[in-house]
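Okay, thanks for coming, everyone. I'll put the structure up and walk through a few places in it.

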Amino acid sequence: MASKITVMPFHTVAVSVGVLVVIMALHLQGLEAQQQPLVKGLSWKYYESSCPKLESIIRKQMEKVIKKDVGLAAALLRLHFHDCFVQGCDGSVLLDGSASGPVDSEKTAPPNLSLKGFDVIEDLRRRVHKQCGAGSVSCSDITAIVARDAIVLTGGPDYSVPLGRRDGLSFATRNATLANLPSPFVGTDSLLTSLAAKNFDATDAVALSGAHTIGVAHCPSFTRRLYPTQDATMDKTLANTLKGVCPTQNTNATTFLDLRSPNVFDNKYFVDLMNKQGILTSDQDLYTDKRTREIVKSFAVNQTLFFEKFVNVMVKMGQMQVLTGTKGEIRNTCNKRNSNELVISNIVEDHNTDGVENL
């Protein structure tokens with residue numbers, strides 16, 4: 001269970017009371033990412049005729065899932081990130097390895113070992129296919145809708161998801177997975193460079209990092225900021241608390257990524273950063289680096305702005321290297337290809353830059 005960290009009252013951001021009142025009163029619903037053009041083959045109404053109840057089936061079940069375990073919201077959102085960043089949004093991260101392929105598959109690569117929610121995706125696939133027929137909706141589309149619903153059901157913005165993705169026929173290698181998922185240990189310079197290669201700018205990078213407003217971090221992902229010496233960019237009170245949670249670098253424990261409202265999708269994560277209370281190096285450095293500091297500030301004082309930019313980048317990310325038309329397939333089971341034997345094809349090589357505990 002994640003530890004609850006008490007935020008000391010004297011660590012506050014200098015924001016006027018008037019601005020805070022306005023921010024707290026705002027509740028953004030129904031955001032449309034109209035600025036994002038759609039990849040050929042995707043549509044806002046792709047299943048309007050073939051599976052009209054698709055999104056209501058998923059939302060109804062997701063309400064039950066999140067009510068039972070709110071922690072799964074962050075896990076399911078992360079699952080979508082990790083799928084899209086490696087080999088595109090093709091559901092490849094859902095695939096189990098094969099004895100005929102490499103041992104170091106995408107699903108078992110180090111950054112993906114802590115992924116959860118595979119059973120939720122498969123359960124929703126069964127429900128959808130029962131209603132609309134086998135082969136009606138792809139696992140990659142279901143994963144994208146689930147990520148959106150995880151955001152909405154924890155207080156975040158609602159938005160339309162472009163659909164029509166098909167599922168990939170292979171998974172990436174371990175090395176390709178490592179190369180395409182930004183590490184929690186990197187600073188902003190490395191983060192911006194890796195994301196720029198995938199056509200994301202600095203605002204996109206900060207907005208995507210805002211997904212850490214929900215979820216937890218495992219001790220090994222941040223204890224190098226505590227041992228052997230404390231990171232100067234971390235609040236001392238927070239550091240002392242974290243040392244209690246993680247007495248050694250490899251302690252098997254977790255802590256919330258957002259101290260102020262860990263189970264609510266809001267902009268408080270950015271307030272944390274302004275108070276030197278970011279957990280991961282990749283998080284806190286967004287406020288330290290002059291290229292992203294003002295973006296962090298703008299999101300900290302304006303939740304509506306953060307939601308708008310987050311929706312835009314989610315729709316943008318959700319179209320990365322998608323398979324449409326006759327490419328790929330629509331799996332009948334999300335963790336395996338429809339054919340009897342999984343054929344391994346190293347679509348993503350170590351040098352691939354097309355297109356974060358990682359995002």
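So, start with H8 against H13. On the H8 side, the residues in contact are Thr-203, Asp-204, Ala-207 and Leu-208, and they meet Phe-306, Lys-309, Phe-310, Val-313, Lys-316 and Met-317 of H13. Sorted by class, that contact has six nonpolar residues, three charged ones and one polar one. Before I go further, keep in mind that this is a predicted model.

How do the two helices sit relative to each other? The axes of H8 and H13 cross at roughly 100 degrees and come within 9 Å. Angles from 65 to 115 degrees count as roughly perpendicular, so H8 is roughly perpendicular to H13.

Now look at H8 on its own. Six of its eight residues are buried, so the rest of the structure largely encloses H8. The buried ones are Asp-204, Ala-205, Val-206, Ala-207, Leu-208 and Ser-209. And what do they pack against? H13 again, plus H3, helix H7 (188–196), helix H10 (268–274), helix H11 (281–288) and helix H12 (290–301).

H11 deserves a look next. H11 is mostly covered too, with six of its eight residues buried. Those are Thr-281, Ser-282, Asp-283, Gln-284, Leu-286 and Tyr-287. The buried residues of H11 pack against H7, H8, H10 and H12.

Okay, on to the annotated positions. UniProt, in an unreviewed entry, has an "active site" annotation covering His-82. Find His-82 in helix H3. Is His-82 buried or exposed? His-82 counts as buried, because its relative accessibility is 0%. The other one is His-212, listed by UniProt under "binding site", also from an unreviewed entry. His-212 is in the loop between helix H8 (202–209) and E1. At 6% relative accessibility, His-212 counts as buried as well.

Next, salt bridges. In general, side chains of opposite charge can pair when their charged atoms come close. Over the whole structure, a search turns up 17 salt bridges. I'll pick out three.

Take Arg-148 and Asp-149, whose side chains meet in a salt bridge at 2.7 Å, N to O. Both of these residues, Asp-149 and Arg-148, are buried.

Then there's Arg-225 with Asp-231, a salt bridge at 3.0 Å, N to O. Here the two ends differ in how covered they are: Arg-225 is buried, with a relative accessible area of 2%, while Asp-231 is partly exposed at 23%.

The third is Asp-289 with Arg-291, at 2.8 Å, N to O. Asp-289 is buried, with a relative accessible area of 13%, and Arg-291 is partly exposed at 42%. As for larger groupings, which residues get joined into one network? Salt bridges with shared partners link Glu-55, Arg-59, Arg-148, Asp-149 and Asp-158. So if you have Arg-148 and Asp-149 on your screen from a moment ago, they belong to that network.

Last topic: the backbone. There's a cis peptide bond from Tyr-227 to Pro-228, with omega near 0 degrees. Where does Pro-228 sit? Pro-228 is in the loop between strand E1 (216–218) and helix H9 (236–245).

There are also a couple of positive phi values to show you. Gln-87 isn't a glycine, yet its phi is positive, near 70 degrees. You'll find Gln-87 in the loop between helix H3 (71–85) and helix H4 (118–132). Gln-87 is buried, with a relative accessible area of 5%.

The other glutamine is Gln-321, again not a glycine, with a positive phi of about 50 degrees. Gln-321 is in the segment after helix H13 (303–317). Is Gln-321 buried or partly exposed? Gln-321 has a relative accessible area of 32%, so it counts as partly exposed.

And that brings us back to H13, where we came in, with H8 crossing at roughly 100 degrees. Happy to rotate the view for anyone who wants to look again.

Note on methods:
Residues are numbered from 1 along each chain as its sequence is written. This is a predicted model: local features need pLDDT of at least 70, side-chain atom pairs count only at pLDDT 80 or more; totals for chains, interfaces and linings use all residues. Side-chain values use heavy atoms; hydrogens and water are left out. Helices (H or I, at least four residues) and strands (E, at least two) are DSSP runs, numbered from the N terminus. Buried means under 20% relative accessible area, exposed over 50%, partly exposed in between (1.4 Å probe, protein chains only). UniProt positions are given in the numbering used here, feature names are shortened, and annotations may be inferred rather than shown by experiment. A salt bridge is a side-chain nitrogen of Lys or Arg within 4 Å of a carboxyl oxygen of Asp or Glu. Axes are lines fitted to C-alpha atoms, for helices over the stretch in contact, and angles run from 0 to 180 degrees between N-to-C directions. Angles under 35 degrees count as roughly parallel, over 145 as roughly antiparallel, 65 to 115 as roughly perpendicular and the rest as oblique. Contact means heavy atoms within 4.5 Å. Ala, Val, Leu, Ile, Met, Phe, Trp, Tyr, Cys and Pro count as nonpolar, Asp, Glu, Lys and Arg as charged, and the others, Gly among them, as polar.
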